[in-house]
Amino acid sequence: MIDGPRVAPAHGGAASSLVVLLHGYGSNGEDLIGLVPYWRDLLPGTAFVAPNAPEPCPGAPGGYQWWGLTSVDPRSRADGAARAAPVLDAFIDAELARAGLTEANLALVGFSQGTMMALHVGPRRRTQLAGVVGYSGMLADEAALAAAETHPPILLVHGDEDPVIPVAAFLQAEAGLTANGFAVETHVSRRLGHSIDLPGLQLGGRFLTRVLGA
């Protein structure tokens, strides 16, 4: 079972909602849990958890990967996300049970490869979750969207100077999700590379506040 750092609700009581933060390739949960201070006051009843991906990342001490990036072939990307999905699903199930919550109280937030996981797993949950926020990512398997179990609202944020995942992949994700019936909000941050800026964090905070009913 994967695990990672946690932040309890700001109000000190039982959690009324849960945000699962999914890090990018070669990173770890400690990195992405750093987003929480930007949102915690907006979401005082929300618990946050940032699990480490299931595989150690070669060449990145202390870093993890959801799947290995040994190939840029789209099939390899789709297969990698499909292999990692059951691990993430089991983690989500355990976290919801631990907190006594349901998918209606759950949002996924991803960065880069973590966004690919959020967009892959979120729509395949049998019960619709509250929402998905994806930073600097793309779809792992666009063709599989047609078989989505649910259609949670989605916010995608990307930098227009991203050298790792070009903004064209963000536009392709927006088009693919919209064509398959998802309500998608988007934002492109000008002169931003493969990162998250303050406007993107503010948009994410407002989106999470709305979908989680905070």
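**Notebook: buried sites, helix α6 and the α3–α4 contact**

Entry 1, Ser136. I looked up Ser136 and found a relative accessible area of 1%, so this residue counts as buried. I note here that the model is a predicted one. Ser136 sits in the loop that runs between β7 (131–135) and β8 (154–159). Its phi is positive, about 50°, although the residue is not a glycine. I keep in mind that most residues other than glycine have a negative phi.

Entry 2, Ser112. I then turned to Ser112, which also has a positive phi without being a glycine, here about 60°. Ser112 belongs to the loop between β6 (106–111) and α4 (113–121). Is Ser112 buried or exposed? I read a relative accessibility of 8%, under the 20% limit, so Ser112 counts as buried.

Entry 3, helix α4. Going on from Ser112, I checked how much of α4 is covered, and nine of its nine residues are buried. I listed them as Gln113, Gly114, Thr115, Met116, Met117, Ala118, Leu119, His120 and Val121.

Entry 4, α3 against α4. I looked at how helix α3 (residues 74–99) packs on α4: the two axes come within 9 Å and cross at roughly 75°. That angle falls in the range from 65 to 115 degrees, and the two helices are therefore roughly perpendicular to each other. Which residues of α3 and α4 meet? From α3 I noted Arg77, Ala81, Ala82, Ala84, Ala85, Leu88, Asp89 and Ile92, and from α4 Met116, Met117, His120 and Val121. Sorted by class, this contact of α3 with α4 holds nine nonpolar residues, one polar and two charged.

Entry 5, His23. I found His23 in the loop between β2 and α1 (29–32). Its relative accessibility is 0%, so His23 counts as buried. A polar atom of the His23 side chain lies 2.9 Å from the backbone nitrogen of Ala53. Setting aside residues up to four places away in sequence, I listed what His23 touches: Asn28, Gly29, Leu32, Pro51, Asn52, Ala53, Tyr64, Trp66, Phe111, Gln113 and Gly114. Gln113 and Gly114 in that list are among the buried residues of α4.

Entry 6, Ser17. I looked up Ser17 in strand β2. Ser17 is buried at a relative accessible area of 3%. The side chains of Ser17 and Thr46 are joined by a polar contact of 2.6 Å. Beyond four places in sequence, the residues touching Ser17 are Gly45, Thr46, Ala47, Leu101, Asn105 and Leu212.

Entry 7, helix α6. I measured nothing here but read off the computed span of α6 (residues 198–211): 14 residues reach 20 Å from first C-alpha to last, close to the 20 Å expected at 1.5 Å a residue. What caps the N-terminal end of α6? I found Asp197 there, with a side-chain oxygen 2.9 Å from the backbone nitrogen of Gly200. Just after α6, Gly213 takes a positive phi of about 70°. The buried residues I noted in α6 are Gly200, Leu201, Gly204, Gly205, Phe207, Leu208, Thr209 and Val211. Their cover includes β2 (17–22), α2 (36–39), β6, β7, β8 and β9 (184–189).

Entry 8, Gly131. To see one site on β7, I picked Gly131, which lies in that strand. Gly131 is buried, with a relative accessible area of 0%. Which residues touch Gly131, leaving aside neighbours within four places in sequence? I listed Leu106, Ala107, Leu108, Pro152, Pro153, Phe207 and Val211. Phe207 and Val211 are among the buried residues of α6. The C-alpha atom of Gly131 is 7.4 Å from that of Leu208, although 77 residues separate the two along the chain.

Entry 9, Leu156. Last, I took Leu156 in strand β8. Its relative accessible area is 4%, so Leu156 is buried. Without counting neighbours within four places in sequence, I found Leu156 in contact with Leu119, Gly134, Phe170, Ala173, Glu174, Leu177, Val184, Glu185, Thr186 and His187. Leu119 is one of the buried residues of α4. I also checked the separation from Gly12: 31 Å from C-alpha to C-alpha, with the two positions 144 residues apart in sequence numbering.

Key
Residues numbered from 1 in each chain as written. Predicted model: local features only at pLDDT ≥ 70, side-chain atom pairs only at ≥ 80, totals over all residues. Heavy atoms only, no water. Buried < 20%, exposed > 50% of the residue type's maximum accessible area, 1.4 Å probe, protein only. Expected span 1.5 Å × (residues − 1). Contact = heavy atoms within 4.5 Å. Polar contact = N/O pair within 3.5 Å; in protein donor to acceptor, adjacent residues only side chain to side chain. Axes fitted to C-alpha atoms, helices over the stretch in contact; angles between N-to-C directions. Parallel < 35°, antiparallel > 145°, perpendicular 65-115°, else oblique. Nonpolar A, V, L, I, M, F, W, Y, C, P; charged D, E, K, R; others polar.
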